[in-house]
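Reader: Could you walk me through this one and tell me how each label is earned?
Author: Happy to; here it is.

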Amino acid sequence: MELTVYLAGQIHDDWRNDVKSKAKEQDLPLHFVGPQENHERSDNIGEVIMGEQPDNIYRDDAASSVNNFRTQVLLQKSDAVIALFGENYKQWNTAMDASAAIQLGKPLILVRPKSLVHPLKELSNQANVTVETIDQALAVLNYIYE
């Protein structure tokens, strides 16, 4: 049984590749999806589809509508969600994706360091499982196959 896992989190480093390579090393039957990782493509997609916008506010709004559509489709098709919160970036999109997963009834694994326990306490309380590392998140998924 292959599971589709949505990887919610910032797109500024290669943490998703770390998850994918560790899952492959463990021979886990997982297929991964997530947000558009090309930041420029994500920012420009509204204008690519709808044409040039009058200013940056409309440009962001157009891109957001297309990115939100993409995220909703991929979240709905996912069997589980891993939401990674790190210390280096603002995590608006991660929080939004994790909240959407909860509303859709998708099993959610929240990954966050100890330093973010307090700011994420409510979200953590709504997640199915909260862990501190990617390895722990993969161990949760591995447990499904035992």
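**How the labels are earned**

Reader: What makes β1 and β2 a pair?
Author: Strand β1 (residues 3-8) and strand β2 (residues 30-33) are joined in the parallel sense by 4 bridges. Pairing asks for at least two bridges found by DSSP, so β1 and β2 qualify with 4. In one of the bridges, Leu 3 has Leu 30 of β2 as its partner. Strands (E, at least two residues) and helices (H or I, at least four) are DSSP runs, numbered from the N terminus. This is a predicted model, where local features need pLDDT of at least 70 and side-chain atom pairs 80 or more, while totals for chains, interfaces and linings use all residues. Residues are numbered from 1 along each chain as its sequence is written, and side-chain values use heavy atoms, without hydrogens and water.

Reader: Why is Asp 27 called exposed?
Author: Its relative accessible area is 68%. Exposed means over 50% (buried is under 20%, partly exposed in between; 1.4 Å probe, protein chains only), so Asp 27 counts as exposed. Asp 27 sits in the loop between α1 and β2, and its phi is near 60°, a positive value in a residue other than glycine.

Reader: What makes Asp, Glu, Lys and Arg a class of their own in a lining?
Author: Those four count as charged; Ala, Val, Leu, Ile, Met, Phe, Trp, Tyr, Cys and Pro are nonpolar, and the others, Gly among them, polar. By that scheme, the lining of the largest pocket has 6 nonpolar, 13 polar and 5 charged residues. α3 gives the most to this lining, with 7 residues.
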